[in-house]
Amino acid sequence: MKNITCLGLLSVPFCLGQHANAQAALQPEMSSPQKPNIIFILADDMGYGDVSAFNKDSHIHTQHIDRMAANGIMFTDAHSCSAVSTPTRYGILTGRYNWRSSLKSGVLYGYSRPIIPTTRSTIASMLKANGYVTACIGKWHLGWNWGTNPGHEKPNADALTDEDVDYSKPIANGPADLGFDYFYGFCGSLDMAPYVYIENRQPTTTQVTSVPAGKKPGFWRAGAIGNDFNHQDCLPNLTNRAVDYINRHANAEHPFFLYLPLPAPHTPILPAESFKGKTGLGDYGDFALMVDDVVGQVREALQRNGIDSNTIVVFTTDNGCSPAAGIPDMTAKGHHANYIWRGMKADLFDGGHRVPTILEWADGATKGICEQTICLNDFYASFAALNNYPLKDNEAEDSYNILPLIRNPHYAETIREATVHHSIRGEFAIRKGDWKLLCSPSSGGWSYPKPGVDKEAIAKLPPLQLYNMKEDPTESRNVYSEHPEIVNELKDLLQKYIREGRSTPGRSQPNDAVNKWEQIKGIMQDD
């Protein structure tokens with residue numbers, strides 16, 4: 001293998017073939033003269049096995065999501081680019097692997113600065129340039145700049161407190177500055193202060209007080225809260241606003257793009273009284289059923305307005321089910337939230353990032369089950385191709401056009417060369433075909449063997465893990481030592497993707513903050 005150091009990331013090699021040309025080659029003709037509306041629904045911490053269309057033994061009967069599946073395409077091998085929240089959202093909106101950003105591990109919090117610069121194109125700005133009106137309603141979790149009181153500016157935004165923030169001032173570098181014509185939502189997860197709604201750029205609260213920490217499963221951190229914010233009412237509030245947005249933009253002159261990142265069933269786990277007890281799995285199962293009801297309300301609004309046939313609706317989740325959901329208790333009752341996949345949220349194992357993904361579009365998609373590997377990043381290039389928009393070389397560098405799969409779920413040609421997975425600690429795995437290489441002896445996240453916890457067990461394990469996902473989908477037999485040629489091939493490919501700043505054809509691009517990238521030191525050098 002070539003000895004590639006971190007310094008190699010700072011010198012960018014030359015063109016490998018134009019990304020725009022490669023994407024244009026796969027652009028099919030639009031089947032309707034009217035551009036389709038697009039709604040992208042992103043659930044939070046909901047597992048693959050929580051959707052009954054993907055798990056016949058699920059104890060959560062997701063009737064509305066199942067109807068989407070029956071009328072659309074089920075992607076059974078779809079992955080978020082990361083096993084945690086912020087990075088996945090970065091990948092969806094930019095079409096770029098999250099680890100290329102300044103955030104190399106972990107997630108952002110309520111006061112964090114933005115990780116998407118306003119100079120970078122997003123799926124919203126791209127669609128806006130192609131005639132769409134755009135909206136984001138829900139959980140942002142990608143940072144923005146709060147207005148601060150005089151003398152309270154701090155170089156590290158994570159050090160801010162509610163005493164530093166002036167909630168009468170507009171925010172900056174948020175959704176409204178990244179291509180969204182309209183935004184209503186909040187900054188982080190629903191368990192991260194400050195609990196303040198923003199509409200476009202302006203906080204909606206007229207008074208900010210403080211709230212103590214919530215108790216599990218309705219856990220949230222103590223902190224600032226606006227006088228119009230109620231954790232229990234958050235999901236219904238966002239749902240009502242999404243339905244109202246659909247009603248107002250139905251049959252308008254311009255098609256709309258609605259990005260709807262839900263705060264559920266992530267903590268605080270707060271099912272409405274009308275849902276409690278419906279699944280027999282406790283609050284988490286009932287809250288997941290509430291997410292299904294949101295999908296039902298969105299689909300009903302489309303049907304009522306007569307725009308369901310020419311609207312693309314995507315349903316997916318940001319990562320696998322979290323231990324906060326009470327996975328062992330649900331497993332004991334026969335419900336496997338992450339289905340057969342090993343691990344959970346935060347992990348390199350498939351339970352961390354294989355996500356239930358459905359696309360429904362009566363006018364343009366062919367019903368069926370697609371078994372090709374895709375990544376949520378791919379919707380950027382696909383929606384660009386839908387609009388005959390050629391991607392720039394510094395745009396959506398890790399997004400593949402999957403429109404051929406949408407037109408024909410059994411499309412024979414492999415679209416993705418390979419897919420990179422990423423854990424909460426910033427560790428890497430790469431999947432190509434049936435083979436998956438974990439560049440770690442551990443889970444890379446929260447399940448056994450857990451980094452920093454199961455130290456003795458990890459010390460006895462091989463440095464890498466190789467699994468054949470066709471023969472061993474539960475990642476139970478590490479065949480690392482038996483296939484050195486596969487290990488070398490996948491490691492070389494991962495090095496190439498990191499070094500060239502992209503995984504699609506096109507001119508190489510720089511990665512961000514490479515001087516702070518500790519996680520690649522073992523990957524970008526020979527063992």
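Arg431 and Asp77 are both buried, and in this predicted model their side chains form a salt bridge in which the closest N and O atoms lie 2.8 Å apart. The two partners come from distant parts of the chain, since Arg431 belongs to strand β16 (residues 428-432) whereas Asp77 sits in the loop between β2 (73-75) and β3 (78-79), a separation of 354 residues.

This pair does not stand alone: Asp77 and Arg431 take part in a network of salt bridges that also links Asp350, Arg354, Lys436 and Glu475. Within that network, Arg354 forms a salt bridge with Asp350, again with 2.8 Å between the closest N and O atoms, and both Arg354 and Asp350 are buried.

A further salt bridge joins Arg221 and Asp191, with a distance of 3.1 Å from N to O. Here too the pair links distant parts of the chain, with Arg221 in the loop between β8 (208-211) and β9 (223-226) and Asp191 in the loop between β5 (182-186) and β6 (198-199), 30 residues apart. The surroundings of the two side chains can be told apart by their accessibility: Asp191 has a relative accessible area of 5% and is therefore buried, because buried means under 20%, while Arg221, at 31% relative accessibility, counts as partly exposed, because that value falls between the 20% and 50% limits.

The pairs described here, including Arg431 with Asp77 and Arg221 with Asp191, belong to a total of 28 salt bridges in the structure.

Definitions and conventions:
Residues numbered from 1 in each chain as written. Predicted model: local features only at pLDDT ≥ 70, side-chain atom pairs only at ≥ 80, totals over all residues. Heavy atoms only, no water. Salt bridge = Lys/Arg side-chain N within 4 Å of Asp/Glu carboxyl O. Helix = DSSP H or I, 4+ residues; strand = E, 2+ residues; numbered from the N terminus. Buried < 20%, exposed > 50% of the residue type's maximum accessible area, 1.4 Å probe, protein only.
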